[in-house]
Amino acid sequence: MFQLAGNRSATPPLVSIFILSAAALAYEVLLIRLFSIIHWHHFAFMVISIALLGYGASGSFITVFRHRMLNNFDSVFIINTVFFGLSAIACFIAVQQLPFNALEILWDSSQWQRLLLSYLLLTLPFFFVANAIALTLMRYHNKISLVYGVDLIGAGIGAILVMLLLQYFTPVTIIRVLAISGITAGIFAFHNLAGVNRKLFATLLLLSMLAVYLTPHKWLDLRPSEYKGLTQTLQMKEASLLYSHSSPVSQTDVVQSPFIPFRNAPGMSLQSEAKTPEQLAVFRDGGEMTTIDHVTDISALEYHDFLSSALPYHLHDSAEKLLILSSATGAAILQADYHELPQIDAVEPDEQLSLLITERFAEYFGWHRIKHKVEIHTIAPRGFAASDNDYDLVVMGPSGASAGGSAGVYALSTSYDYTVEALQSYLELLADDGLLSITMWTSTPERGNLKLFTTAVAAMNNTGISEPQNNIAWIRSWNTATLILKKTALTAEQIKRVREFSLSRSFDLAWLPGITPNDVNQFQLLQEPVFYLAARSVLQQQSPVPEYNFIEQYKFDIRPTTDNRPYFNNFFMWSSFDEFLAMPGQAGISMIGVGYPTLLFTLVQASMAAVVLILLPLLLLRSVKVKTEIKREAGKRKNIVIYFMAIGLAFLFIEIAFIQKFTLILSQPLYAVAVALCAFLIFSGCGSLYVQRLMETAESSVIPDLIRRSVILIAVIVILYITVLPSLSSTIMALPETVRIISAFIMAAPLAFVMGMPFPLGMAVLQQNHPHLMPWAWGINGCASVLSAVLAVLLAMEIGFSGIMLCAVILYLIAWRSNRM
């Protein structure tokens, strides 16, 4: 029987560990939600890295001071729970005082300093949690797998618990709840642990909870970036907030501005004499803006016929059945109503947006006039596209107000609505003579619409359309472009109508069967007709001898987007980097965009912080005893570094890949983060508990064999998932939301269970052979996790998420070969 030396009679503070881990993970997920409101949700990877940096730094800290801390374990444990609660509040308040603006990050060096300071401040709460957990692992080293399992299960429960809290409470209220919960963990430890000055620590715990409770509300009020749309809009004269609602998915705000009225009409022709009606502005997380029209009668909707998105209604005037993907606040519904469509299905994943036009502002919107022919489905476009329907028209409009001022910040976000697989599924929804219409904002220089075109051609090829050049119409206005796709060739009559529609509204042709260079770039003049040039080049690639490859020559990445690489808004190319930097002034920086460089610089900052806070203290140890031991075991030390570095990188690679896969299934990034973290942590915890049970009855010599078996199982399951996940995801997407969440949870279970084994098995080997190196291994694992959270996103942009998962398999195999510690 394999038994580890230690104090076997004492019971670890498992309840405290459970509560503390749950509070920490809930705080991590909450930070992602708060970053969505204050900045942008695309910095989620940074929040994960922040949390892991705190865990890694604690390993170094304990390595240096472990004897003193273990000798006062009871007191130190409780103090760390108190510090977690206090720092969770204090550090968030401090970070909000930093005027960080992601849009200026490339040309203002002070923004990097503020980002780094934010990074370090938000690390502190997780540092204190990690101290408490790591010390417990060392103190109760004979029950490593038990403590680690309870830690993971508690964290998993916390990840899903915060989603439930967000249904009923504001994020600010939840911060207080989590801070007090962390301190409460100290109370349980106070009752369970001996050797504590009870009166002193009881007073400390109560005063700490009181301090959190009495923190002025205005200190915690969210302060969105001054550069976000909502903040700027509310600075306009007489602008006021009419309605606000917070949910786990988004913060929805409705603004009216009577003095400077809103005029949102994407791509409206300059030839139009129709006026836009009075509008209310709707902001999601303070950024993306849509509007609600004030509809008194049908004449108020005339301006919708002068938008480029009206083109499909002029090509298919006998259409009866329409599908709107991402209907938002109903502009596309009103456009369809103006063109007298008798049956309208609208798909909108954010229920709050739909409720604005059907309930809260229903009279303003005129919902009673059209509700008999409109059915709104609360599901993601991809999920609805998995259903079996035949539509005459499928339309998808621009998502919110133009993102031209975002300077590439959305490059870090994934979008599964504009991938090759997505467009294939939309085409399959069409009747034989049906039309798919997608309208998108233009930009200077053009990027998004060109990537959409290459993606569309790839999708048409995949559906068996051999000559897509005959099935496409493409026009552009002064700030939008509308792409029409058809499963069969456009008729001569439809081609004629495209020309008439464009000419009467001064829209430019970008592609049409029979188009010539003289037909393009007539109204909204571009330096080069890049829309036409891109279309001609991409479509000529279908021929045996193409003239040249426009995609490879273009200065931006406009390759087709796939579910494996769903970064539609990432246009960065290294080959253009030097050329952009050489441009005068800051012109080149605006061409680069902030997304990809932000990712790179964050990786550099994470690496620097990891070295300083994790590795450097280990190199500067003043304990001669520890130095001597480490020198004497140089060979073993190398294996320790490789093993714990490899499993740290691999675990996060797979976890982040699943977060993105779950984003496709669940349609909401925050749901994906919460479900993935919950599933992986709970089932990894179960795997760790299983290891504890095995080690209670097995000999120590079986540990290498257990590591080998777990790695082989991980490799087999990952390869199986890479093979079956695409088809499985398509099936799950069409299911109701609750079923999708449960399905995602179950999908992660087998892999997560096995992934919970390598870490406690490695720690068990260290406890047996080198117990003084346990906190060092904890720090190395944390260091790897810090880097992997950012590195996974960076690699996914290049090799896709399947490639990330294969990299994880290789890393696990490397760990297996290095398990002789």
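1. Is Ala 328 buried or exposed? In this predicted model, Ala 328 is buried, its relative accessible area being 17%, and the cut-off matters here because buried means under 20% relative accessible area. Ala 328 is found in the loop between S5 and H11, where it has a positive phi of about 50 degrees although it is not a glycine.

2. Ser 326 belongs in the discussion of that loop as well, since it lies between strand S5 (321-325) and helix H11 (331-338). Ser 326 has a positive phi of about 60 degrees, again without being a glycine, but with a relative accessible area of 28% Ser 326 is partly exposed, whereas Ala 328 is buried. A reader checking backbone geometry may wish to look at Ser 326 and Ala 328 together.

3. As to the overall picture, the protein chain has 30 helices and 12 strands, and buried residues make up 61% of its 821 residues. Of the contacts with a separation of 6 or more, 78% are between residues 24 or more positions apart. The protein chain exposes about 31,300 Å², of which carbon and sulfur atoms supply 59%.

4. The largest nonpolar core has 165 residues, and those with the most contacts inside it are Phe 644, Ile 654, Phe 658, Phe 662, Leu 751 and Tyr 812. Helix H30, which spans residues 774-817, gives the most to this core, contributing 23 residues. Apart from this core lies another, of 98 residues, which includes Tyr 243, Tyr 426, Ile 438 and Met 460.

5. Tyr 812 merits a closer look as one of the residues with the most contacts inside the largest nonpolar core. When residues up to four places away in sequence are not counted, Tyr 812 touches Ile 647, Ala 650, Phe 651, Ile 654, Val 711, Ile 714, Met 755 and Pro 758. Among these partners, Ile 714 and Pro 758 also take part in the contact between H27 and H29, Ile 714 from H27 and Pro 758 from H29.

6. That helix pair can be described as follows: H27 (residues 703-733) and H29 (residues 758-769) pack at an angle of about 160 degrees, with their axes 10 Å apart. H27 is therefore roughly antiparallel to H29, and the crossing of H27 and H29 is left-handed. On the H27 side the contact is made by Ile 703, Leu 706, Ile 707, Ser 710 and Ile 714, and on the H29 side by Pro 758, Leu 761, Ala 764 and Val 765.

7. Helix H1 (residues 14-38) can be followed through two packings, the first of them with helix H3 (residues 73-96), where the axes come within 12 Å and cross at roughly 5 degrees. H1 and H3 are therefore roughly parallel to each other. The residues of H1 in this contact include Ile 17, Leu 20, Ala 24, Tyr 27 and Leu 31, while those of H3 include Phe 77, Phe 84, Ala 88 and Phe 92.

8. With helix H4 (residues 109-139), the axis of H1 comes within 10 Å and crosses at roughly 160 degrees. H1 is therefore roughly antiparallel to H4, and H1 passes H4 in a left-handed crossing. Ile 17, Leu 20, Ala 24, Tyr 27 and Leu 31 are among the H1 residues in this contact, and on H4 the participants include Leu 122, Pro 125, Phe 126 and Val 129.

9. Trp 474 lies in strand S10 (residues 472-476) and is buried, with a relative accessible area of 1%. Residues up to four places away in sequence aside, Trp 474 touches twelve-odd positions that need not be listed in full, including Asn 449, Leu 450, Phe 453, Asp 508, Trp 511 and Phe 531. Trp 474 and Ile 438 are 36 residues apart in sequence, and their C-alpha atoms are 9.7 Å apart in space.10. Two loop positions complete the note. A cis peptide bond joins Thr 444 and Pro 445, with omega about -10 degrees, and Pro 445 lies in the loop between strand S9 (430-441) and helix H17 (448-462). Leu 735 lies in the loop between H27 and helix H28 (737-755) and counts as partly exposed, at 30% relative accessibility. Leaving aside neighbours within four places in sequence, Leu 735 is in contact with Ile 379, Arg 740 and Ser 743.

Terms used. Residues are numbered from 1 along each chain as its sequence is written. This is a predicted model: local features need pLDDT of at least 70, side-chain atom pairs count only at pLDDT 80 or more; totals for chains, interfaces and linings use all residues. Side-chain values use heavy atoms; hydrogens and water are left out. Helices (H or I, at least four residues) and strands (E, at least two) are DSSP runs, numbered from the N terminus. Buried means under 20% relative accessible area, exposed over 50%, partly exposed in between (1.4 Å probe, protein chains only). Contact means heavy atoms within 4.5 Å. Accessible areas come from the Shrake-Rupley method with a 1.4 Å probe; for residues, only the protein chains shown count as cover. A nonpolar core is a set of buried Ala, Val, Leu, Ile, Met, Phe, Trp, Tyr and Cys residues joined through side-chain atoms within 4.5 Å. Axes are lines fitted to C-alpha atoms, for helices over the stretch in contact, and angles run from 0 to 180 degrees between N-to-C directions. Angles under 35 degrees count as roughly parallel, over 145 as roughly antiparallel, 65 to 115 as roughly perpendicular and the rest as oblique. A crossing is left-handed if the near helix is turned anticlockwise from the far one by less than a right angle, and right-handed if clockwise.
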